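Please look over the sequence and the model below before reading on. The text then goes through the fold element by element.

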Amino acid sequence: MTFLWLAITVYIQLASAQNWYAFHGYEYFVEKTGTLYTHSEAENECAAKEATLANVKTKQIQDFLVKSIGTFPGEPFSFFIGAMRNAANEFVWTDGTKLSNTETQWRPSPMEPNNVEEKCVTMGWHGAKELFGWLDISCGIRTGFICQKKLQVWFKDGIQL
Ligand SMILES: [Ca+2]
């Protein structure tokens with residue numbers, strides 16, 4: 001059993017590799033290497049990690065992600081998240097939930113969202129100075145991104161690890 005426990009521990013550490021941050025049942029991947037992605041490229045990157053762009057439905061998640069982003073040199077200070085305008089110009093999360101039914105963190109000044117042609121959403125733009133308030137933005141802009149996936153829960157002898 002010791003070997004099994006060791007193997008599980010190593011697996012958990014690998015799964016929690018660099019730039020994955022666990023919070024309230026989800027793991028969030030923050031792409032902050034400085035490589036830039038369009039929205040569809042970011043979606044593909046998340047899908048390759050068996051994840052989706054992050055649904056930031058509460059202020060607690062927003063605050064956690066801001067903390068996880070931390071400070072780092074250079075740009076971008078912005079990240080695609082999992083909200084987009086639908087055909088009716090409503091913002092929806094990747095799971096289909098309307099943003100109007102959840103907490104929102106739009107940047108207040110200049111007020112966002114501010115352009116129906118901007119279909120995608122980022123946390124911040126040069127946002128380190130603005131606590132990463134959200135902006136509607138062109139999906140073709142290249143920036144960082146944040147993915148989410150459900151946290152794997154492991155048990156040993158009936159005890160959650
Ligand atoms: Ca905008």
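What follows describes the overall layout, then a central strand and its partners, then a helix and the nonpolar core.

This is a predicted model, in which local features need pLDDT of at least 70 and side-chain atom pairs count only at pLDDT 80 or more, while totals for chains, interfaces and linings use all residues. Residues are numbered from 1 along each chain as its sequence is written.

The protein has three helices and 10 strands; helices (H or I, at least four residues) and strands (E, at least two) are DSSP runs, numbered from the N terminus. Their order from the N terminus is α-β-β-α-β-α-β-β-β-β-β-β-β. Of the 161 residues, 32% are buried. Here a residue counts as buried if 20 or more other C-beta atoms lie within 10 Å of its own, exposed if 12 or fewer, and partly exposed in between, with C-beta atoms placed from the backbone. Among contacts with a separation of 6 or more, 67% join residues 24 or more positions apart; two residues are in contact if their C-beta atoms, placed from the backbone, lie within 7 Å.

Strand β4 covers residues 79–85, and six of its seven residues are buried. Which strands does β4 pair with? Two strands pair if DSSP finds at least two bridges between them. With β6 (residues 120–123), β4 runs antiparallel and shares three bridges; with β8 (residues 144–150), β4 runs parallel and shares two bridges. F79 takes part on both sides, standing opposite M123 in β6 and opposite G144 in β8. The third partner is β5 (residues 91–93), paired with β4 in the antiparallel sense over three bridges, and R85 has F91 of β5 as its bridge partner. Five residues lie between the strands in the hairpin of β4 and β5, where N89 takes a positive phi near 65°.

Strand β6 is covered on both faces: C120 and T122 are buried on one side, V121 and M123 on the other. Besides β4, β6 pairs with β7 (residues 134–137) in the antiparallel sense, over four bridges. In that pairing V121 has D136 of β7 as its bridge partner.

Helix α2 (residues 39–48) has H39, A42, E43 and C46 as its buried residues. They lie on the same side of α2 because they cover an arc of only 105° around the axis, the arc being that of the directions from the helix axis to the C-beta atoms. An α-helix has 3.6 residues a turn, so residues three or four places apart point the same way. The face of α2 turned away from the buried side carries the exposed residues S40, N44 and A48. The cover over the buried residues of α2 includes β3 (52–53), β4, β6 and β8. After α2 comes E50, with a positive phi near 55°.

The largest nonpolar core has 32 residues, of which L53, I81, V121, F145, I146 and C147 touch the most other members. A nonpolar core is a set of buried Ala, Val, Leu, Ile, Met, Phe, Trp, Tyr and Cys residues joined through C-beta atoms within 7 Å. Two or more residues each come from β2 (26–31), α2, α3 (59–69), β4, β5, β6, β7 and β8; the largest share, five residues, comes from β4. Leaving out residues up to four places away in sequence, L53 touches A42, E43, C46, F80, I81, G82, T94, F145, I146 and C147.
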